[in-house]
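Reader: Could you take me through one part of this model up close, the place where the helices pack against each other? I'd like one connected walk rather than a list.

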Amino acid sequence: MQGKVQDEKKFNRLIAIVSIVIPIVVAALFGVKLPNVEPLSFLPPIYAAINGLTAVLLLAAVWAIKNGNEKLHQNLMTTNIVLSLLFLVMYIAYHMTSDSTSYGGEGAIKYVYYFILITHIILSIALIPLVLRTYAMAYLGKFEDHRALAKYTFPIWIYVAVTGVVVYLMISPYYAY
């Protein structure tokens with residue numbers, strides 16, 4: 001029991017650090033442009049597709065656990081974390097090589113776009129500790145805590161994944177490529 005408490009404290013410390021560092025590093029790198037590098041303009045549809053795939057795999061993971069397939073659930077959730085990291089790397093790489101694209105829509109749709117974008121960004125930041133803590137609870141075998149936290153983590157993660165695709169679809173006509 002003492003070992004699990006120590007493990008949980010270590011996880012919590014690491015989760016807190018990662019949850020603070022990632023948004024700071026992303027914000028800092030967002031303003032860095034690599035000189036003499038071709039824009040990676042092919043990346044947005046790829047990382048939008050990763051968001052879409054993440055949403056599908058999240059739904060599959062819920063289906064798996066509700067049908068008692070714990071191993072499939074675990075594999076799908078691990079895959080979703082890897083996909084999220086891959087998305088993050090691509091997102092940073094794109095923004096370090098390309099100028100930001102302004103949304104060109106007008107009227108009410110512009111407000112809809114910015115509402116979706118802002119909630120997507122805020123919830124993606126909040127999602128970092130939620131995902132890591134939910135995953136850690138399962139890893140530590142604290143399945144009741146895992147289930148309780150997953151009830152909050154899942155809908156937020158689905159929202160972030162789906163709105164990532166929506167943001168891409170709404171802004172894609174305005175990309176310079």
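Author: Helix 4 and helix 5 pack with their axes 7 Å apart, at an angle of about 150°. That angle is over 145°, so the two helices count as roughly antiparallel. Their crossing is left-handed. Keep in mind that this is a predicted model, so everything here is read off computed coordinates.

Let's zoom in on one residue of this pair. His120 sits in helix 4, which runs over residues 108-139. Setting aside residues up to four places away in sequence, His120 touches Tyr159, Val160, Thr163 and Gly164. Helix 5 covers 143-171, so you can follow the contacts of His120 straight across to that helix. There's a polar touch here as well: the His120 side chain comes to 3.5 Å from the backbone nitrogen of Gly164. Is His120 buried or exposed? Its relative accessibility is 10%, so His120 counts as buried, the cut-off being under 20%.

Step back to Thr119, also in helix 4. With a relative accessible area of 18%, Thr119 falls under that 20% cut-off and is therefore buried too. The side chain of Thr119 reaches the backbone oxygen of Ile116, at 3.1 Å.

Now go round to the other partner of helix 5. The axes of helix 2 and helix 5 come within 8 Å and cross at roughly 150°. Helix 2 and helix 5 are therefore roughly antiparallel to each other, and this crossing is left-handed. As for who meets whom, the helix 2 side includes Pro44, Pro45, Ala48, Asn51 and Gly52, along with Leu58, Leu59 and Val62. From helix 5, the residues they meet include Phe154, Trp157, Ile158, Val160, Gly164 and Tyr168. You'll recognise two names there: Val160 and Gly164 are also among the residues His120 touches from helix 4.

That brings us to the core. Nonpolar side chains tend to be buried together in soluble globular proteins. The largest nonpolar core here has 31 residues, and Tyr47, Tyr113, Trp157 and Tyr175 touch the most other members. Helix 2, helix 3 (70-97), helix 4 and helix 5 each supply at least two residues of this core, and helix 2 gives the most, with 9. Tyr47 is a good one to click on: leaving aside neighbours within four places in sequence, Tyr47 is in contact with Phe87, Met90, Tyr91, Tyr94, His95 and Tyr175.

For contrast, have a look at Asn36, in the loop between helix 1 (2-30) and helix 2 (43-66). Asn36 has a relative accessibility of 84%, so this residue counts as exposed. Its backbone is a bit of an oddity, too: Asn36 has a positive phi of about 55° although it is not a glycine.

Zooming all the way out, the protein has 5 helices and 0 strands, which reads as α-α-α-α-α along the sequence. The C-alpha trace spans about 55 × 35 × 25 Å along its principal axes. Of the 177 residues, 33% count as buried. And among contacts between residues at least 6 apart in sequence, 80% join residues at least 24 apart.

Terms used. Residues are numbered from 1 along each chain as its sequence is written. This is a predicted model: local features need pLDDT of at least 70, side-chain atom pairs count only at pLDDT 80 or more; totals for chains, interfaces and linings use all residues. Side-chain values use heavy atoms; hydrogens and water are left out. Helices (H or I, at least four residues) and strands (E, at least two) are DSSP runs, numbered from the N terminus. Buried means under 20% relative accessible area, exposed over 50%, partly exposed in between (1.4 Å probe, protein chains only). A polar contact is a pair of N or O atoms within 3.5 Å; within protein, one must be able to donate a hydrogen and the other to accept it, and residues adjacent in sequence count only if both atoms are side-chain atoms. Contact means heavy atoms within 4.5 Å. A nonpolar core is a set of buried Ala, Val, Leu, Ile, Met, Phe, Trp, Tyr and Cys residues joined through side-chain atoms within 4.5 Å. Axes are lines fitted to C-alpha atoms, for helices over the stretch in contact, and angles run from 0 to 180 degrees between N-to-C directions. Angles under 35 degrees count as roughly parallel, over 145 as roughly antiparallel, 65 to 115 as roughly perpendicular and the rest as oblique. A crossing is left-handed if the near helix is turned anticlockwise from the far one by less than a right angle, and right-handed if clockwise.
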